[in-house]
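Grab your viewer and work through a few short exercises. Each one comes with a solution you can check as you go.

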Amino acid sequence: MKKVQQHYDEIADIYDDRYDGNRGKYYHGHISDHVMGVLPRGGFLLDIGCGTGLFVQRYVEEGGRAVGLDISPGMVRHGRQRCPASGFFVGTADVLPFKDATFDALASLLAFSYVPDPEAMLRECYRILKPGGRIAVCTLSRTVFTSIVPIAYQVGEKVGLKKVGVGDFGEHYYTNSEIARLFCKAGFEDVAVSRCSFAHLNLADPVFYLARKVEPFIEENLPYLAYNVCAGGKKPEG
């Protein structure tokens, strides 16, 4: 995790540039839509791996309260600038610095794949959720396309490419059944898993716009081709 922290500290100042353009805004917005569809509105949210606070900002704009946690001090600094009324903390997902039954909602966008002990993270998530609270995680999925991504990222690291997420971090790409088992083992119920985002922002413009047009069809009929997997669950009421 030290390597991940160092990478995101180094690119913290340019991280938001990734999502400022048309492709980035669409991609992150599309993922956020999937996550928001799982979570209760108007609650108290923790965003784990919050980055610069993009999802914290959205949750607050839609009527909730939110705080963010990230391993990167640089990212946390930018989150505080983006959402000064929300709290942001530096920390890791396996030991969350919050009391039991604190939050109505938990989210994690594009960070779960970097977590070295996902079972520990989900146990902590279960602990700090209120009974009836919900969790939504969107992360990298294992597909025929993503199988070559780690190799490309390793090459990018060797040539010194300073780009968000580009590096040999040992990230894990999840199947639907794999992430569902983790959620169930942690104690969550009503576990549901889907795939999203066939139009990935790293695609070249012509390919991206074509992928965007067919994305709804892919997600509904050929979900195993989508780049990300989204999992949601609920902490039992009793």
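The exercises below go from the whole chain to the sheet and then to the core, and the model is a predicted one.

**Exercise 1.** Find out how many helices and strands the protein chain has, and what share of its residues is buried.

*Solution.* Start with the elements: you should get eight helices and seven strands. Next, apply the burial cut-off, under 20% relative accessible area. With that, 52% of the 238 residues count as buried.

**Exercise 2.** Work out the strand order of the sheet and explain why β3 and β6 each have one side without a neighbour.

*Solution.* Reading across, the open, mixed sheet goes β3-β2-β1-β4-β5-β7-β6. β3 (87-90) and β6 (189-196) sit at the edges with a single partner strand each, so one side of each has no neighbour in the sheet. Now look at β4 and β5: they run parallel and are joined by six bridges. L109 sits opposite C138 of β5. Finally, add a helix: α5 (118-128) lies across β1, β4 and β5, at about 150° to β5.

**Exercise 3.** Which residues touch the most other members of the largest nonpolar core, and what does V35 contact?

*Solution.* That core has 29 residues, and the ones to pick are V35, L39, L45, F55 and A107. Elements giving it two or more residues are α2, α3, α4, β4 and β5. Now zoom in on V35: skipping neighbours within four places in sequence, V35 contacts F55, A107, L109, A136 and C138. A separate core of 27 residues includes F98, V115, F183 and V229.

Notes. Residues numbered from 1 in each chain as written. Predicted model: local features only at pLDDT ≥ 70, side-chain atom pairs only at ≥ 80, totals over all residues. Heavy atoms only, no water. Core = buried A, V, L, I, M, F, W, Y, C linked by side-chain atoms within 4.5 Å. Buried < 20%, exposed > 50% of the residue type's maximum accessible area, 1.4 Å probe, protein only. Helix = DSSP H or I, 4+ residues; strand = E, 2+ residues; numbered from the N terminus. Contact = heavy atoms within 4.5 Å. Pairing = 2+ DSSP bridges. Axes fitted to C-alpha atoms, helices over the stretch in contact; angles between N-to-C directions.
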